[in-house]
Amino acid sequence: MSSSSNSNSSSNYFGDAGDRLRDLEEVIVALASFNYAKKAQVSQRGDTIDSMAVGLNMLGEELAASTVSKGYVTNILHSMVDPVVVTDRGGVLRMVNQAACAMSGFAREELLGQHFIAILPELNTDDVIASGRATHPDTYFVSKHGEVTPVSVTASIMLDRGEVQGIVCVARDLTEAKYAEEERLRLRDAVKLQAALMEELSTPLIPIADDVLALPLIGSLDEDRTVRMTETLLQGVISRAARVVIVDFTGLRAFDQASVHGLLRAIGAVRLIGADVVITGIQPRVAQTMVQLDADLSGIVIFGAFQQAIPYALDGRRRERR
């Protein structure tokens, strides 16, 4: 099931559906309190929640139009799939449905007569009586054996001739919602980690020697990747005091003029901070794009294959042989 709350609540993941379900809870609590005037909101979606809302509204109208015994309403509460408990003014349990017994692990006879804090320790009767109702979108239900179930709780007072007679509470199991939220967060973190890893792999800066770095371009090259690559390249050159950077185009499969132009600017930036650039593996399509861009490659050594550039980059006398 889902739930709604503020942005810091795990139920925020369920958004509008949670708000609609909580509205249904409040109508159920009102019916249990013999308040038949409250109506559930019906949207235009025609989904399961709308069907439940229409059914509750019809039930309220039927109850309001007839003389209904307390036992009849109690039978309705007992048939609900969500735990429902009714306390007296002092918080002592006077009615519990089968769902509450199942969640708590107590038999009905064991629960009746206990104070509600035995199963709902965070609910405060004074707050409910003072305000007439209370909502706890993220609390917990305690079982006989100390097991804790995350729930949302809606509570409302029962009135008789203006006097508070007790409190009706409906609890909704959030176990599935919590699990779904945990899975969502886990998947989100996994996607972030994967994205960070892919980003690192998309711009691998490989040290060939203490002062020689290699940047193999693999796959596609777009504007975002070009920006990341430029940052990685400049940081690597500065941090390692590199004298030579080999930029290998062999694995570049997809690109556009803007990305190649950005790459050329990155190469120019590397040269401005004092490192030599060697280009290898330029494919025909890349060469054509560079010609169209009227790229200035003067002062840049170019080799056909990456392997040919390594001896040159490692040779400290390369400047003298230009």
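Select arginine 186 to begin: in this predicted model, arginine 186 counts as partly exposed because its relative accessibility is 45%. Add glutamate 183 to the selection; glutamate 183 is likewise partly exposed, with a relative accessible area of 24%. A salt bridge joins arginine 186 to glutamate 183, and the closest N and O atoms are 3.0 Å apart. Display the backbone around the pair: both residues belong to helix α7 (residues 175-202), where they are three residues apart, about one turn of the helix.

Next, select Arg20, Asp47 and Asp50, which are joined into one network by salt bridges that share partners. A search of the whole structure gives twelve salt bridges, and two further pairs are visited below.

Move to arginine 172 and glutamate 25. Their side chains meet in a salt bridge, with an N to O distance of 2.5 Å. This contact links distant parts of the chain: arginine 172 lies in strand β5 (residues 163-173), glutamate 25 lies in helix α1 (residues 15-32), and the two are 147 residues apart. Are these partners buried or exposed? Arginine 172 and glutamate 25 are both buried, so each has under 20% relative accessible area.

Now select arginine 94 together with aspartate 88. The two form a salt bridge whose closest N and O atoms are 3.1 Å apart. Colouring by accessibility separates the partners: arginine 94 counts as exposed because its relative accessibility is 52%, whereas aspartate 88, at 18%, counts as buried.

The remaining stops concern backbone geometry. Most residues other than glycine have a negative phi. Select alanine 241, which is not a glycine and yet has a positive phi of about 50°. Where is alanine 241 found? Its location is the loop between α8 (223-240) and β9 (244-248). With a relative accessible area of 55%, alanine 241 is exposed.

Finally, select aspartate 294. This residue also is not a glycine, and its phi is positive, at about 55°. Trace the chain on either side to see the loop between α10 (284-292) and β12 (301-303), in which aspartate 294 is placed. Switch to a surface representation to inspect the side chain's setting: aspartate 294 counts as exposed because its relative accessibility is 67%.

Definitions and conventions:
Residues numbered from 1 in each chain as written. Predicted model: local features only at pLDDT ≥ 70, side-chain atom pairs only at ≥ 80, totals over all residues. Heavy atoms only, no water. Salt bridge = Lys/Arg side-chain N within 4 Å of Asp/Glu carboxyl O. Helix = DSSP H or I, 4+ residues; strand = E, 2+ residues; numbered from the N terminus. Buried < 20%, exposed > 50% of the residue type's maximum accessible area, 1.4 Å probe, protein only.
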